[in-house]
Amino acid sequence: MQKVRIPLSVDPVRNSGKRLSFDGVIPSKNLPRFNEVLASPCSDVEVTLTFDTDEQKIHYFRGQARASVELSCQRCGESMPWELETEFQYAPITRRQTADDLPEHYEAAALNELGEVLLHPLVEDELLVALPLVAKHTEQDCAIKSDAMSWGELPKEAEKPNPFAVLQKLKK
């Protein structure tokens, strides 16, 4: 079965009333901020979204996003493959339900002037948060071995004179 494109924006209240689900992709070109932090642009991101209403009559939607990306190893600088997967759950902020009224397991989703949520930027934010803080190969896969790294004090010959020492003399 071919996956369809996830719409750019949806009305979450109407969709949760109908209990709609989406299973599709977001094109890579629609995620510019996410592609900026990658070693190379990613392929299309697979996204699953489900809209529903809970026992407290709160409209919400939950989803998953999966992407295969190339990150730069912070140890050796080479690119490395990374499987990224994230789950999220949002409730729209409406006149009836404000961000303060939401249970803590829901993130608040702001609606635009048409009463819709912009899905692509929302999924892009979730992918950015799911990235590792420091991307590194495993030690056996990395080009730089831990034996080659040095820790601690620099040798005396590596120390350079302070270029502002001349200014310190003028101050006196």
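**Salt bridges, nonpolar cores and strand pairing**

Glu124 is buried, with a relative accessible area of 4%. In this predicted model, the acidic side chain of Glu124 takes part in a salt bridge with Arg33, in which the closest N and O atoms are 3.0 Å apart. Arg33 belongs to helix H2 (residues 32-36) and Glu124 to helix H3, so this pair ties together parts of the chain separated by 91 residues in sequence. Unlike Glu124, which falls under the 20% limit for burial, Arg33 is partly exposed, at 38% relative accessibility.

Arg33 also forms a salt bridge with Asp125, with 2.7 Å between the closest N and O atoms. This pair again links distant parts of the chain, with Arg33 in helix H2 and Asp125 in helix H3, 92 residues apart. Asp125 has a relative accessibility of 35% and therefore counts as partly exposed. A further salt bridge is found between the side chains of Arg66 and Glu46, at an N to O distance of 3.8 Å. Here the partners lie in strands: Arg66 is in strand E5 and Glu46 is in strand E4, 20 residues apart. Both ends of the pair are partly exposed, Arg66 at 24% relative accessibility and Glu46 at 32%. Through shared partners, salt bridges join Arg33, Glu124 and Asp125 into one network. In total, the count of salt bridges is five.

The nonpolar interior was examined next. The largest nonpolar core holds 31 residues, and the members that touch the most others are Phe34, Val45, Val47, Leu49, Phe61 and Leu127. Two or more residues of this core are given by each of strand E4 (45-53), strand E5 (59-72), strand E6 (79-92) and helix H3. Strand E5 supplies the largest share, five residues. Apart from this core lies another, of five residues, including Ile58, Tyr60, Ala91 and Tyr106.

The surroundings of Phe61 were listed without neighbours within four places in sequence. On this basis Phe61 is in contact with Pro12, with Leu49, Thr50 and Phe51, with Phe88, Gln89 and Tyr90, and with Ala109, Val117, Leu119 and Leu122. Leu49, one of these contacts, is also listed with Phe61 among the core members that touch the most others.

Strand pairing was found in both parallel and antiparallel form. Strand E1 (residues 4-5) and strand E3 (residues 21-26) run parallel and are joined by two bridges. Within this pairing, Arg5 has Val25 of E3 as its bridge partner. Strands E3 and E4 run antiparallel, and six bridges join them. Gly24 is partnered there by Val47 of E4, a residue already named among those that touch the most other members of the largest core.

Nonpolar side chains are also found at the surface. Phe164, Val166, Leu167 and Leu170 make a nonpolar surface patch of about 470 Å². Phe164 is placed in the loop between helix H3 (119-130) and helix H4 (165-171). With a relative accessible area of 57%, Phe164 lies over the 50% limit and is therefore classed as exposed.

Technical notes:
Residues are numbered from 1 along each chain as its sequence is written. This is a predicted model: local features need pLDDT of at least 70, side-chain atom pairs count only at pLDDT 80 or more; totals for chains, interfaces and linings use all residues. Side-chain values use heavy atoms; hydrogens and water are left out. Patches are made of residues with over 30% relative accessible area and no salt bridge: like charges are joined within 9 Å, nonpolar side chains (Val, Leu, Ile, Met, Phe, Trp, Tyr) within 5 Å. Accessible areas come from the Shrake-Rupley method with a 1.4 Å probe; for residues, only the protein chains shown count as cover. A salt bridge is a side-chain nitrogen of Lys or Arg within 4 Å of a carboxyl oxygen of Asp or Glu. Helices (H or I, at least four residues) and strands (E, at least two) are DSSP runs, numbered from the N terminus. Buried means under 20% relative accessible area, exposed over 50%, partly exposed in between (1.4 Å probe, protein chains only). A nonpolar core is a set of buried Ala, Val, Leu, Ile, Met, Phe, Trp, Tyr and Cys residues joined through side-chain atoms within 4.5 Å. Contact means heavy atoms within 4.5 Å. Two strands pair if DSSP finds at least two bridges between them.
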